[in-house]
Amino acid sequence: MKTAVIFPQTGNLQLIDLTIPTPKENEVLVSMKCVAMKHLDKAIASGTHYSSENDISKAKIIGSDGVGILENGNRVYVVNPKGTLAEKIIVDKNFIVPIPDGLEDSIASALPNAVMGSAMGMKFRAKMQFGETVLINGATGFTGKVAVQIAKIYGAKNIIVTGRNETETKKLLQLGADEYILTTDENFTEKLKSIHQNSPIDIVIDYLWGKSAEDILEAIKGNGSFSHRTRFVSIGSITGDSVQLSSQILRGTDLQISGSGLGSWTKPEIGILLTEILPEMFELAVNKKLNIETESIDLDNISEIWNQEMNSNKRLVIKI
């Protein structure tokens with residue numbers, strides 16, 4: 001069977017033929033139809049993601065999830081840490097989500113990863129309540145756009161978004177955002193302070209980390225009197241993996257800092273993701289209440305695009 005394999009030590013990607021695997025107890029054979037390519041997959045493949053940094057010498061099958069067909073003909077979304085970009089894979093029965101009729105394979109493949117960080121962050125890390133104010137830092141990318149829509153679905157009263165490009169950031173108002181601030185604005189911190197004073201920020205969903213995260217934390221810092229409680233959830237680190245954090249911010253602010261990503265979720269939370277959250281998001285997508293954009297290429301062409309810069313607005317889907 002045709003399989004896309006990366007060799008981390010050289011960075012070479014090859015399509016090779018492997019033997020069709022045989023399912024063990026509690027596993028099923030899945031004929032894969034499409035796999036969405038994500039920054040996560042590239043980081044895992046190169047060994048730069050924290051989940052794979054100690055395992056950089058072994059060749060890896062690309063992909064961590066995707067859409068396929070069971071032997072009974074049912075379409076399913078699957079999660080498989082051993083790789084998914086192959087004609088056939090074996091998957092644990094507990095990591096399968098049925099796909100509703102009317103939802104395109106490409107959408108079902110591309111949506112879940114974008115949902116995971118933000119939905120799990122809002123629901124479990126921030127314990128979001130109806131009517132709260134949410135700031136999404138770095139919202140112009142594919143996952144950020146999904147986060148804006150999920151915040152609206154989960155009942156946010158006020159959604160503030162940030163981005164570098166004014167044209168792209170302003171477009172988020174059409175997805176449900178209420179106001180925007182450019183991270184390039186020299187008055188970024190002061191504007192956030194003003195917003196926080198008038199409509200206290202309950203939750204920060206952060207895709208950037210780095211300097212803008214430092215600015216946000218400075219903006220919500222308490223002044224010695226009672227402060228508003230803010231839950232800051234880190235999902236990505238596009239602009240830097242480290243920040244300088246003043247202890248005064250921690251001592252003077254009712255602040256919770258946590259992350260939403262692989263390793264931070266509990267087994268029960270993963271169970272809810274697969275049995276409740278993703279099925280709900282699939283139905284919303286079917287009914288056009290949650291919208292994303294994708295672009296597709298055939299598996300035979302993956303070597304040509306693997307090292308190219310990924311489109312931040314659309315999710316690339318590999319058809320098998």
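Contact, as the word is used here for packing, means heavy atoms within 4.5 Å. In this predicted model, that criterion can be followed first through helix H6, which spans residues 210–219 and is mostly covered, with seven of its ten residues buried. The buried positions are Gly210, Ser212, Ala213, Asp215, Ile216, Leu217 and Ala219. These residues pack against two helices and several strands, namely helix H5 (188–198) and helix H7 (247–252), together with strand E9 (133–137), strand E12 (203–206), strand E13 (230–234) and strand E14 (255–259).

Helices H5 and H6 also meet in the description of a pocket, since each of them supplies at least two residues of the lining of the second largest pocket. The volume of this pocket is about 280 Å³, and of the 14 residues that line it, those closest to its centre are His196, Gln197, Ile220, Lys221 and Gly222. The largest share of the lining, three residues, comes from H5. Sorted by class, the lining holds seven polar, four nonpolar and three charged residues.

A separate element to trace is an open sheet of three strands, whose order is E2-E1-E4 and whose pairing is antiparallel. Strand E2 (12–17) and strand E4 (60–61) are the edge strands, each pairing on one side only. Strand E1, residues 2–7, runs antiparallel to E2 and is joined to it by six bridges; within this pairing, Thr3 has Ile16 of E2 as its bridge partner. In general, strands of a sheet pair through backbone hydrogen bonds, in either a parallel or an antiparallel manner.

Definitions and conventions: Residues are numbered from 1 along each chain as its sequence is written. This is a predicted model: local features need pLDDT of at least 70, side-chain atom pairs count only at pLDDT 80 or more; totals for chains, interfaces and linings use all residues. Side-chain values use heavy atoms; hydrogens and water are left out. Two strands pair if DSSP finds at least two bridges between them. Helices (H or I, at least four residues) and strands (E, at least two) are DSSP runs, numbered from the N terminus. Buried means under 20% relative accessible area, exposed over 50%, partly exposed in between (1.4 Å probe, protein chains only). On a 1 Å grid over the protein atoms alone, a cavity is a set of points where a 1.4 Å probe fits but cannot get out, and a pocket is an open set with protein on both sides within 12 Å along at least five of seven lines; lining residues have an atom within 4 Å of a point. Grid points are joined across faces, edges and corners, and a volume is the space filled by probe spheres set on the points. Ala, Val, Leu, Ile, Met, Phe, Trp, Tyr, Cys and Pro count as nonpolar, Asp, Glu, Lys and Arg as charged, and the others, Gly among them, as polar.
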